[in-house]
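Which side chains of opposite charge pair up in this chain, and where do they sit? The model shown here is a predicted one. The paragraphs below take the charged pairs in turn.

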Amino acid sequence: MIKHQGGCHCGKVRFVTEYDPMLVSQCNCSRCRRLMGTVGVYTIYDSSDIEVTGESKSYDFMGGSGMPMHLNFCPECGTRTHAYADAFDGFMFLPIGAFDDNRELKPRIEYYRNYGLDWLTNDGCVEESFKEAAVVERMQALMENLDQRN
């Protein structure tokens, strides 16, 4: 049973999953703002939980962890649909804007708060806030959620 689905603007790249995200997080770094055109809010899934169809292109760059990130986008319309981070091997990041229905996807943690936009406020959904990359803390949150899913 499909629980969430989404894809690019033109429909050539699509994804589906039977699961809720393991974590929804907000990245405040300037790199994500530039790449996404806004604040980066991502869902994180085990890579095996997501089925992606259609051909995407990848833009590879160095992430805040100091390890490569691989941002996938539709070569037709340019929509960012999913990403992989070498620092989070086995996980897939999907921006909430790519979901068909994203109203319920609220970030639970945020990182790079020290780079955040002053006018962006927390409505109470963000439970933890970190000044820098918080790689260890994000991995711990993912593992806790993985344990709860099995």
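Arginine 113 is partly exposed, at 25% relative accessibility. Its side chain forms a salt bridge with the side chain of glutamate 110, with an N to O distance of 3.0 Å. Glutamate 110 has a relative accessibility of 7% and counts as buried, because the cut-off for that class is under 20%. This pair thus joins a partly exposed arginine 113 to a buried glutamate 110.

The structure holds five salt bridges. Side chains of opposite charge can pair when their charged atoms come close.

Another of these pairs is made by lysine 3 and aspartate 20, whose side chains meet at 3.2 Å, N to O. Lysine 3 belongs to the segment before β1 (4–7), while aspartate 20 is in the loop between β2 (14–17) and β3 (23–27), so this salt bridge ties together parts 17 residues apart in sequence. Both ends are partly exposed: lysine 3 has a relative accessible area of 47%, and aspartate 20 has one of 38%.

A further salt bridge links the side chains of lysine 12 and glutamate 76, at 3.7 Å from N to O. Lysine 12 lies in the loop between β1 and β2, and glutamate 76 in the loop between β7 (68–73) and β8 (80–85); the pair therefore ties together parts that are 64 residues apart in sequence. Glutamate 76 counts as exposed, with 55% relative accessibility, because that class begins over 50%.

Technical notes
Residues are numbered from 1 along each chain as its sequence is written. This is a predicted model: local features need pLDDT of at least 70, side-chain atom pairs count only at pLDDT 80 or more; totals for chains, interfaces and linings use all residues. Side-chain values use heavy atoms; hydrogens and water are left out. A salt bridge is a side-chain nitrogen of Lys or Arg within 4 Å of a carboxyl oxygen of Asp or Glu. Helices (H or I, at least four residues) and strands (E, at least two) are DSSP runs, numbered from the N terminus. Buried means under 20% relative accessible area, exposed over 50%, partly exposed in between (1.4 Å probe, protein chains only).
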